[in-house]
Amino acid sequence: MVALRIAWRYLFSKKSHSAVNVISVISLAGVALASMAIVCIMSVFNGFTDLALSQASVLSPDLRIEPSEGKIIGGVDSLLVELRGISGVELVAPVVEERALAICGDKQMPVRITGVTDNYGMMSDIVRVVKEDGVFAMHDSILGDMATLSVGAALTLDARPTSLSRVAVYVPRRIGRINTTNPAMSFRSDTLVVSGVYQTDQAETDADGMVIPISVARRLLEYEDEATALDVKISSGEPVGEVADRMKLLLGEGYTVKDRIAQQEESFRMISVEKWVTFCMLAFILVIASFNVVSTLCMLVIEKDANIRTMLALGASQYMVARIFMIEGWLISLIGGVIGVTVGAVLCLAQQFWGFIRLGGNHDMMTTDIYPVRLDGSDMLVVLALVAVVGFTTSSLTAMIARRRMSVTVDE
């Protein structure tokens, strides 16, 4: 307690040399700026994660069930009955996904077909992202089966809902032998009318997607009641994690239950890796800034040489005197860290709620024109813990230097 009181007094007392005061302020400001930068950068990554999640949720269901091995789920009809009985489940629907070749006029491209049921509009927000010149529809009493293309597929195939473009879809036969004399017989095909074009502002989703009726997809792939996945919509207010746990318990080890983040695992993993790599880089800058504290305390040890001699003469141990400077260094780091985290939190909250910083470019083409930020309390705790550890390390180094100097003083 005595060491803390003396260290606190040394921290705020006026030094005989003004340079020591200036360097002390610079050291504290360096730690504060580094801490503020870490909080702001991590909050920005949180904001982009939320933005990516909101975009992924346009077509991604709350939960998706996939087989642990292989790509086909058999006996879907009986499985649907069991899943609908789980508390918190509002809707369950089978999905069939596969690669195919799409041809429209003289244009062709490989596409990713997604066969869905008629209630897909309730399962996802695809209706919201369909362009104004089209609609999301599965069937028409006159035109027959219909498809909704992603913006990338529509542009490549030059298919438009306004002109009722017809797209032929070809899939290699799963069953039977390949006829080398007539290669066309090795494919199953169907033709659909383009009802609409959707755009989610996600490169992977918008590049080559094609949503078609599940009956068409099963006919092309020669499935009966099979599916490649089951999409699940959770009742409003139900915790997704708890419902997922109930499904895992019912399904066993043969199935994998994925939430929206797991469905976009690669994208979110990349954001997470970038976030923590940036954190490590800024943490290194914080370490460099903290070494200013060492130089400040070394100068303070020299300035307080007479005080040190007096305390030693009064019976204070070298450990206690060294502990005074160690605590002072820790105080400089912690005060700087608290100031930096507080300022960073205020800036992030201001941006989060008022959005005074906006993204550049054409805002009409963007999902959001406000720089995304989300302050996370755990990030603030991580930064404060980092400041405490770095401050303790640099202060311990200063204490070693102080003890060495006191040994010389005693010898004299």
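Here are some short exercises, each with a worked solution, on the predicted model shown above.

**Exercise 1: Get an overview**

Find how many helices and strands the chain has, and what share of its residues count as buried.

*Solution.* Start with the secondary structure: the chain has 14 helices and 10 strands. Next, turn to burial: 45% of the 412 residues count as buried. Now look at the outside, where the accessible surface comes to about 21,000 Å². Carbon and sulfur atoms hold 61% of that surface. Finally, consider contacts between residues at least 6 apart in sequence: 78% of them join residues at least 24 apart.

**Exercise 2: Follow a hairpin**

Work out in which sense strands E2 and E3 run, and how many bridges join them.

*Solution.* First locate the strands: E2 covers residues 89–104 and E3 covers residues 107–116. They run antiparallel and are joined by nine bridges. To check one spot by eye, find Ala100, which stands opposite Val111 in E3. Then move to the turn of this hairpin, where two residues lie between the strands. Gly105 takes a positive phi near 65 degrees there.

**Exercise 3: Find the partners of E8**

Strand E8 spans residues 209–213. Decide whether E3 pairs with E8 in the parallel or the antiparallel sense, then do likewise for E5.

*Solution.* Take E3 to begin with: E3 and E8 pair in the parallel sense, over five bridges. Two of the partnerships can be traced by residue. Ile113 has Met210 of E8 as its bridge partner, and Gly115 has Ile212. Along this pairing, the numbers rise together on both strands, from Ile113 with Met210 to Gly115 with Ile212.

Now take E5, residues 144–150, which runs antiparallel to E8 and is joined to it by two bridges. Here Thr148 has Val211 in E8 as its bridge partner.

As a last step, ask how covered E8 is: five of its five residues are buried.

**Exercise 4: Step on into helix H8**

Name the buried residues of H8, and say what phi Glu222 takes just after the helix.

*Solution.* H8 runs over residues 214–221, and six of its eight residues are buried, so the helix is mostly covered, with buried meaning under 20% relative accessible area. The buried residues are Ile214, Val216, Ala217, Arg218, Leu220 and Leu221. Just after H8 comes Glu222, with a positive phi of about 60 degrees. Glu222 lies in the loop between H8 and strand E9 (229–234).

A point of background helps here. Most residues other than glycine have a negative phi. Glu222 is not a glycine, yet has a positive phi.

Leu164 can be treated in a like manner. Its phi is positive, about 50 degrees, although Leu164 is not a glycine. Leu164 sits in the loop between helix H6 (151–157) and strand E6 (166–172). With a relative accessibility of 44%, Leu164 counts as partly exposed.

**Exercise 5: Explore the largest pocket**

Describe the lining of the largest pocket: how many residues does it have, and which lie nearest the centre?

*Solution.* Begin with the volume, about 550 Å³. The lining is made of 24 residues, and those nearest the centre are Ser60, Arg64, Glu97, Gln263 and Gln264. Sort the lining by class next: seven residues are nonpolar, eight polar and nine charged. Then ask where the lining comes from. Elements that each supply at least two residues include H2 (18–56), E1 (63–67), E3 and H11 (265–303). H11 gives the largest share, three residues.

**Exercise 6: Zoom in on Ser60**

Is Ser60 buried or exposed, and which residues beyond its sequence neighbours does Ser60 contact?

*Solution.* Place Ser60 first: it is in the loop between H2 and E1. Its relative accessible area is 7%, which is under 20%, so Ser60 is buried. Setting aside neighbours within four places in sequence, Ser60 is in contact with Arg260, Gln263 and Gln264. Two of these, Gln263 and Gln264, are also among the residues nearest the pocket centre.

**Exercise 7: Measure across the chain**

Find how far apart Phe291 and Ser395 are in sequence and in space.

*Solution.* Phe291 belongs to helix H11 and is partly exposed, at 42% relative accessibility. Counting along the chain, Phe291 and Ser395 are 104 residues apart. In space, their C-alpha atoms are 9.4 Å apart.

Conventions
Residues numbered from 1 in each chain as written. Predicted model: local features only at pLDDT ≥ 70, side-chain atom pairs only at ≥ 80, totals over all residues. Heavy atoms only, no water. Pairing = 2+ DSSP bridges. Helix = DSSP H or I, 4+ residues; strand = E, 2+ residues; numbered from the N terminus. 1 Å grid on protein atoms, 1.4 Å probe; cavity = no way out; pocket = protein on both sides within 12 Å on 5 of 7 lines; lining within 4 Å. Points joined across faces, edges and corners; volume = space filled by probe spheres on them. Nonpolar A, V, L, I, M, F, W, Y, C, P; charged D, E, K, R; others polar. Buried < 20%, exposed > 50% of the residue type's maximum accessible area, 1.4 Å probe, protein only. Contact = heavy atoms within 4.5 Å. Areas by Shrake-Rupley, 256 points an atom, 1.4 Å probe, with all protein chains shown as cover.
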